[in-house]
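Here are my notes on the model you sent over, set out as numbered points. I hope they help while you look around the structure.

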Amino acid sequence: MGEVVGARRETAALPVPVLLLVAGFAAAVVAQGGYYTYGRVTSALLVGLAVVLARPRPNLLVWLGGAVAVWALVRGLLEGDVAAGVPAAVAAGVFAGAVLVAARADDLQRDQLATVVLGVGALVGLTGWVAVVVRLPSWTTEAEGLLRAASTVTYPNAAAAVLAATAVLALGRKPTPVHSAAIFLVCTGIGATMSRAGVIALVAGVLVLCVCSGVRKTLVAAAPPLLGAVVAVAALLPSMPVVREPQPVVAFAGLVAGAAVAVGLPRLGRFLAPVAAVLAAGGVTAFWLADGLATRLTFSSPDRSGATGAALDLVARSPLLGVGPGKATFFFNADNGNTRVMRYVHNEYLQVLVELGAVGLLLALGVVAAVLVALWRGRGTALWAGASAAVVVVLVHSAFDFLWHMPVVLIIAGLCAGLGFPSTGDGRSEGTA
């Protein structure tokens, strides 16, 4: 009887609150990142219901997140539009809720949850690749003459943030051929987005993994899927320029070859290093020789620089309280002499400072600090290294894009953070489905 019970526990399903959290994440993925009202409401309701059923104990993160929400509502009220503060308040609640629900899971449930997240990430990466190859307008974005993968998220940079966080979370686990293949699809998706910030955030996450898990262990796990992705993306490059016809045969051959590298490279033993060097050199060379990709090889972004200058001007006018949630509009002169208008400054820390002032930014940084402290206390848990790296990915990428306005990013960030926290559950399997 004891053996039977033990076997049942090894295959225990995820608790209902965790399933609802996964549903909220999936809903945000398919509903354009949850950016628009219907996706935002759906994902928020699912996460909120998960929190109600999980019944987590309030902690410092809850109080700080609540303070951010209250301050956003107060600033909206002071500007005569309390509804303007609702999106920021909901964003804080969704993030904190995802953390709390994920932290309730035990080790077995966390491993299963990480597997589900990897599966969703692999689908996002693959659909982004497909969208570029077959030219799906709704799942791609045309920018600077290139067709960039956006998948169902419909914003390449947000898709890249989700994929990069998923990749490093998975790299922190024990490598298996199946996991390597899934991580390969995730990393191929990152390349297909052509997101510079996504690559920078991914590198930052891998560096955190090196610190937390050791350089050798990290490189052994990361090299095969990353190099396989280099091969696949190199074959995808000819299909990216808008003025050219797509090359599906070349792209598909590259995808198959990349998958073979991701799964087969670990079997090469002592030949791993030279083969890896050749693959990396070939992929980088293909990237540099591809026409039309020069704009993705520079950190220059005149529009973002202009928006940053305009944002700093707004901060100077109201440094303490900000201009109010949703009230920021950035005007600046473009290189052609025309006036440009942007709603987002593509730096969430600066965006919060503009809209909610120094008070709001300090509260938001308090939430970040509370998450990092809790992650430190959770070191030694099975997913701690990957979870910590995933949180760093989102924090780094948030300095380059308006990610906190996308529930899909908030949920994956909170979910990953919770997986690295000390377990707040009671370890029992009741309430599973």
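1. Asparagine 59 counts as partly exposed, with a relative accessibility of 28%. In this predicted model, asparagine 59 sits in the loop that runs between helix 3 (37-54) and helix 4 (60-78). A polar atom of its side chain lies 3.0 Å from the backbone nitrogen of valine 62. Asparagine 59 also has a distant partner in sequence to look at: alanine 370 is 311 residues away along the chain, yet the two C-alpha atoms are separated by 9.6 Å.

2. Arginine 55 shares that stretch of chain, as it too is placed in the loop between helix 3 and helix 4. At 68% relative accessibility, arginine 55 counts as exposed. Have a look at its backbone: phi is near 50°, a positive value in a residue that is not glycine. Most residues other than glycine have a negative phi.

3. Arginine 135 is another non-glycine residue with a positive phi, here about 60°. You will find arginine 135 in the loop between helix 6 (107-134) and strand 1 (140-143). With a relative accessibility of 23%, arginine 135 is classed as partly exposed.

4. Now for the chain as a whole. How many helices and strands does the protein chain have? The secondary structure comes to 16 helices and four strands. Of the 433 residues, 52% count as buried. Among contacts with a separation of 6 or more, 78% are between residues 24 or more positions apart.

5. The largest nonpolar core takes in 124 residues, and the members that touch the most others are Phe330, Val408, Val409 and Phe421. Helix 7 gives this core its largest share, twelve residues. Phenylalanine 330 deserves a click of its own: beyond its neighbours within four places in sequence, its contacts include Ala307, Ala310, Ala311 and Leu314. Among its other contacts are Arg340, Val341, Met342, Tyr344 and Val354.

6. Serine 151 belongs to the loop between strand 2 (146-149) and helix 7 (156-171). Is serine 151 buried or exposed? At 1% relative accessibility, serine 151 counts as buried. Its side chain makes a polar contact of 2.6 Å with the side chain of threonine 127. A polar atom of the serine 151 side chain also lies 3.4 Å from the backbone oxygen of valine 124. Setting aside neighbours within four places in sequence, serine 151 is in contact with Val124, Thr127, Gly128, Ser138 and Trp139.

7. Helix 11 (residues 248-264) reaches 24 Å from its first C-alpha to its last over 17 residues, close to the 24 Å expected at 1.5 Å a residue. The buried residues here are Ala251, Gly254, Leu255, Gly258, Val261 and Ala262. Viewed down the axis of helix 11, these buried residues fall within an arc of 125°, so they line one face of the helix. Val249 and Phe252 are exposed, on the face turned away from that buried side.

8. Helix 15 (residues 384-397) is mostly covered, with eleven of its 14 residues buried. Among the buried residues are Trp384, Ser388, Val391, Val394 and His397. What do the buried residues of helix 15 pack against? Their partners are helix 7, helix 9 (196-213), helix 14 (348-377) and helix 16 (407-420). The end C-alpha atoms of helix 15 are 20 Å apart, which agrees with the 20 Å that its 14 residues should span at 1.5 Å a residue.

9. If you are thinking about cysteines, the structure holds zero disulfides. Cysteine 210 is in no disulfide, and the nearest cysteine sulfur, that of cysteine 212, is 9.5 Å away. Cysteine 212 is likewise in no disulfide; its nearest cysteine sulfur is that of cysteine 210. Cysteine 210 is buried, with a relative accessible area of 15%, while cysteine 212 counts as partly exposed at 28% relative accessibility.

10. One last residue to check is proline 87, which has its place in helix 5 (residues 86-103). Proline 87 is partly exposed, with a relative accessible area of 36%. Its C-alpha atom and that of alanine 69, 18 residues apart along the chain, are separated by 9.0 Å.

Key: Residues are numbered from 1 along each chain as its sequence is written. This is a predicted model: local features need pLDDT of at least 70, side-chain atom pairs count only at pLDDT 80 or more; totals for chains, interfaces and linings use all residues. Side-chain values use heavy atoms; hydrogens and water are left out. Helices (H or I, at least four residues) and strands (E, at least two) are DSSP runs, numbered from the N terminus. The expected span of a helix is 1.5 Å times one less than its number of residues. Buried means under 20% relative accessible area, exposed over 50%, partly exposed in between (1.4 Å probe, protein chains only). The arc is that of the directions from the helix axis to the C-beta atoms. A disulfide is a pair of cysteine sulfur atoms within 2.5 Å. A polar contact is a pair of N or O atoms within 3.5 Å; within protein, one must be able to donate a hydrogen and the other to accept it, and residues adjacent in sequence count only if both atoms are side-chain atoms. Contact means heavy atoms within 4.5 Å. A nonpolar core is a set of buried Ala, Val, Leu, Ile, Met, Phe, Trp, Tyr and Cys residues joined through side-chain atoms within 4.5 Å.
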